[in-house]
Amino acid sequence: MKRKLIKAFCMAAGLALLITMGTSSTSMAQRNGGGRLEGAWNTQVSIIDCQSGNVIFTFANMPVFMAGGTMVEATSGTAPALRTQGEGIWGHTTDNIYALRFKYFTFNSQNVFTGWMIIQADATLDSTGDAYTSSATIEFYDANGVLLGTGCAKTAGTRFEF
């Protein structure tokens, strides 16, 4: 009985050490900028004229950056019947700068697949870790994978919290 108790205690202590080590390395990564973008964000996306920088239109968007470098996003910029949610990847590049890339599929009002868009952006997190800005390029593809054109966007976001 005594051996089982000691064995259980050692296993619990080892597990606590592993959890602490994992938390410590995550904290270090976050201090270096690596995991700080993780979470859900309220953002305003502005589609802009690539040459002049003038805003064409603005809409709300909600990206969610998950541990491991995947992301999803939902938008108010297009009706849900006309596009899927965006799904993609993100990663820390340097300091407070992150790269992200996501794709979504588009449909017409008759529910016919019309193509997809790929958004690629660089996001800069502020020093508090609770706000970011980004600039992006947008690629428009038809259903056959032919690039139809490109566009530009900028985003400003704040962390979605309790």
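How many salt bridges does the count come to? The count comes to two. The model is predicted.

## Arg-83 and Glu-73

One salt bridge joins the side chains of Arg-83 and Glu-73, at 2.1 Å from N to O. This pair links distant parts of the chain, 10 residues apart. Glu-73 sits in strand E3 (70–75). Arg-83 sits in the loop between strand E3 and strand E4 (86–94).

Are these partners buried or exposed? Arg-83 counts as buried because its relative accessibility is 9%, under the 20% limit. Glu-73 is buried too, with a relative accessible area of 3%.

Arg-83 has a further contact. It lies over the face of Tyr-104, at 3.4 Å from the ring centre.

## Arg-159 and Asp-130

The other salt bridge brings together the side chains of Arg-159 and Asp-130, at 3.3 Å from N to O. Again the pair links distant parts of the chain, here 29 residues apart. Arg-159 belongs to strand E8 (residues 147–159). Asp-130 lies in the loop between strand E6 (113–125) and strand E7 (131–142).

Burial splits this pair. Arg-159 has 19% relative accessibility, so it counts as buried under the 20% limit. Asp-130, at 35%, counts as partly exposed, because that value falls between the 20% and 50% limits.

## Aromatic pairs

How many aromatic pairs does a search of the whole structure find? The search finds nine. Among them is the pair of Phe-65 and Trp-90, which is edge-to-face. Their centres are 5.8 Å apart, with 75° between the planes. The pair links distant parts of the chain: Phe-65 is in strand E2 and Trp-90 in strand E4, 25 residues apart. Both Phe-65 and Trp-90 are buried.

Phe-65 also pairs edge-to-face with Tyr-132. Here the distance is 6.3 Å centre to centre, and the angle between the planes is 75°. Tyr-132 lies in strand E7, 67 residues from Phe-65 in strand E2, and this pair too links distant parts of the chain. Both Phe-65 and Tyr-132 are buried.

## Cluster and a charge over a ring

Which residues form one aromatic cluster? The members are Trp-41, Phe-65, Trp-90, Tyr-98 and Tyr-132. Phe-65 thus appears in the cluster, in the pair with Trp-90 and in the pair with Tyr-132.

A lysine also sits over an aromatic ring. The charged end of Lys-103 is over the ring of Trp-116, 4.6 Å from its centre.

## The largest pocket

The largest pocket holds about 490 Å³ of space. Its lining has 33 residues. Val-45, Ile-47, Phe-59, Ile-119 and Ile-138 lie nearest the centre.

Which elements give two or more residues to the lining of the largest pocket? They are strand E1 (39–48), strand E2 (55–66), E3, strand E5 (97–107), E6, E7 and E8. E2 gives the most, with six residues. E2 also holds Phe-65 of the aromatic pairs.

By residue class, the lining divides into 22 nonpolar, nine polar and two charged residues.

Note on methods: Residues are numbered from 1 along each chain as its sequence is written. This is a predicted model: local features need pLDDT of at least 70, side-chain atom pairs count only at pLDDT 80 or more; totals for chains, interfaces and linings use all residues. Side-chain values use heavy atoms; hydrogens and water are left out. A salt bridge is a side-chain nitrogen of Lys or Arg within 4 Å of a carboxyl oxygen of Asp or Glu. Helices (H or I, at least four residues) and strands (E, at least two) are DSSP runs, numbered from the N terminus. Buried means under 20% relative accessible area, exposed over 50%, partly exposed in between (1.4 Å probe, protein chains only). On a 1 Å grid over the protein atoms alone, a cavity is a set of points where a 1.4 Å probe fits but cannot get out, and a pocket is an open set with protein on both sides within 12 Å along at least five of seven lines; lining residues have an atom within 4 Å of a point. Grid points are joined across faces, edges and corners, and a volume is the space filled by probe spheres set on the points. Ala, Val, Leu, Ile, Met, Phe, Trp, Tyr, Cys and Pro count as nonpolar, Asp, Glu, Lys and Arg as charged, and the others, Gly among them, as polar. Rings of Phe, Tyr and Trp (its six-membered ring) pair if their centres lie within 6.5 Å; planes under 30 degrees apart count as stacked, over 60 as edge-to-face and the rest as tilted. A charge sits over a ring if NZ of Lys or CZ of Arg is within 6 Å of the ring centre and within 35 degrees of the ring normal.
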